Amino acid sequence: MAIETFQTRCKNCHAAENFKIGHDDSEDSLDKAVEHLQGKTQIQVRSILRKHKVDTAEYGFALYHCPKCQTLYNPYAVRVEYDDIMMFQPFYKCPQCDSTLHKATSPIENYACKQCGEKQLSRIDF
Ligand SMILES: [Zn+2]
Ligand SMILES: [Zn+2]
């Protein structure tokens, strides 16, 4: 799996932002992907790798949105299932309002521009 990149451009204020989805081919295992995780999340995932049996792991850049601000974010997300019944998935917070981010599943047009707040984003694929 290669990283997919795209840009959003606002038709109102012309602000542009780049996004990435997925992970690099070199990160073919959680052992390698763990480098991308931040602070506490990286410590927790390393501990799972050391002490538990990992069943499935999903990781890579993902598209999230703030349900309050309607803006898009691009964390390197991880979800690990281990020991048959356990699941680890960190929460991501909106830096503006501290709401918990949700996965963005709607078309880009439904989200707001970070600069002007208008829902006039268009998506340009590279
Ligand atoms: Zn704008
Ligand atoms: Zn927010």
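**Stop 1: the sheet of strands 3, 6 and 7**

Select strands 3, 6 and 7. They form an open sheet in the order 3-6-7, and the pairing is antiparallel. Strand 3 (54-61) and strand 7 (86-88) are the edge strands, each pairing on one side only. Look along the sheet: neighbouring strands are turned by 5° against each other on average, direction ignored. Keep in mind throughout that this is a predicted model.

Now add residues 39-51. This is helix 2, which packs on the sheet and touches strand 3, strand 6 and strand 7. The direction of helix 2 makes about 30° with that of strand 6.

**Stop 2: the pairings of strand 6**

Stay on strand 6, residues 76-82. Take the strand 3 side to begin with. Strand 3 and strand 6 are antiparallel and share seven bridges. Pick Ala57 for an example: its bridge partner in strand 6 is Val80.

Turn to the other side. Three bridges join strand 6 to strand 7, again antiparallel. Val80 appears here too, standing opposite Phe88 in strand 7. Move one pair along and select Glu81; its bridge partner in strand 7 is Met87.

A general point helps when you show side chains here. In a regular strand they alternate between the two faces of the sheet.

**Stop 3: the turn at Asp83**

Follow the chain out of strand 6. Asp83 is in the loop between strand 6 and strand 7. The two strands form a hairpin with three residues between them. Check the backbone of Asp83: phi is positive, about 50°, although the residue is not a glycine.

Is Asp83 buried or exposed? Asp83 counts as exposed, because it has 12 C-beta neighbours inside 10 Å and the limit for exposed is 12 or fewer.

**Stop 4: the largest nonpolar core**

Select Ala33, Val34, Leu37, Val45, Tyr59, Ala62, Ala77, Val78 and Val80 together. These nine residues make up the largest nonpolar core. Which strand gives the most to this core? It is strand 6, with three residues.

Zoom in on Tyr59, which is found in strand 3. Tyr59 is buried, because 21 other C-beta atoms lie within 10 Å and the cut-off for buried is 20 or more. Which residues does Tyr59 touch, leaving out those up to four places away in sequence? They are His23, Leu30, Ala33, Ala77 and Val78.

Draw a distance from Tyr59 to Val34, another member of the core. The two are 25 residues apart along the chain, and their C-alpha atoms are separated by 8.8 Å.

Next, click Ala77. With residues up to four places away in sequence left out, Ala77 touches Tyr59, Gly60 and Ala62. Tyr59 and Ala62 belong to the core as well.

**Stop 5: the sheet of strands 2, 1 and 9**

Hide the previous selection and show strands 1, 2 and 9. They form an open sheet in the order 2-1-9, with antiparallel pairing. The edge strands are strand 2 (16-21) and strand 9 (121-125), and each pairs on one side only. The twist averages 30° from one strand to the next.

Select strand 1, residues 4-10. Five bridges pair strand 1 with strand 9, in the antiparallel sense. To see one pair, show Gln7 and Ile124, which are bridge partners.

**Stop 6: the loop at His14**

Step along from strand 1. His14 sits in the loop between strand 1 and strand 2. Phi of His14 is near 65°, a positive value in a residue other than glycine. His14 is exposed, because 10 other C-beta atoms lie within 10 Å and exposed means 12 or fewer.

**Stop 7: the whole chain**

Zoom out and colour by secondary structure. The chain has two helices and nine strands. Along the sequence they follow the pattern β-β-α-α-β-β-β-β-β-β-β. The C-alpha atoms fill a box of roughly 50 × 30 × 20 Å, taken along the principal axes.

Colour by burial instead. Of the 126 residues, 17% count as buried. Finally, turn to contacts with a separation of 6 or more: residues 24 or more positions apart account for 59% of them.

Terms used. Residues are numbered from 1 along each chain as its sequence is written. Chains are lettered from A and ligands numbered from 1 in the order in which they are written. This is a predicted model: local features need pLDDT of at least 70, side-chain atom pairs count only at pLDDT 80 or more; totals for chains, interfaces and linings use all residues. Two strands pair if DSSP finds at least two bridges between them. Helices (H or I, at least four residues) and strands (E, at least two) are DSSP runs, numbered from the N terminus. Axes are lines fitted to C-alpha atoms, for helices over the stretch in contact, and angles run from 0 to 180 degrees between N-to-C directions. Two residues are in contact if their C-beta atoms, placed from the backbone, lie within 7 Å. A nonpolar core is a set of buried Ala, Val, Leu, Ile, Met, Phe, Trp, Tyr and Cys residues joined through C-beta atoms within 7 Å.
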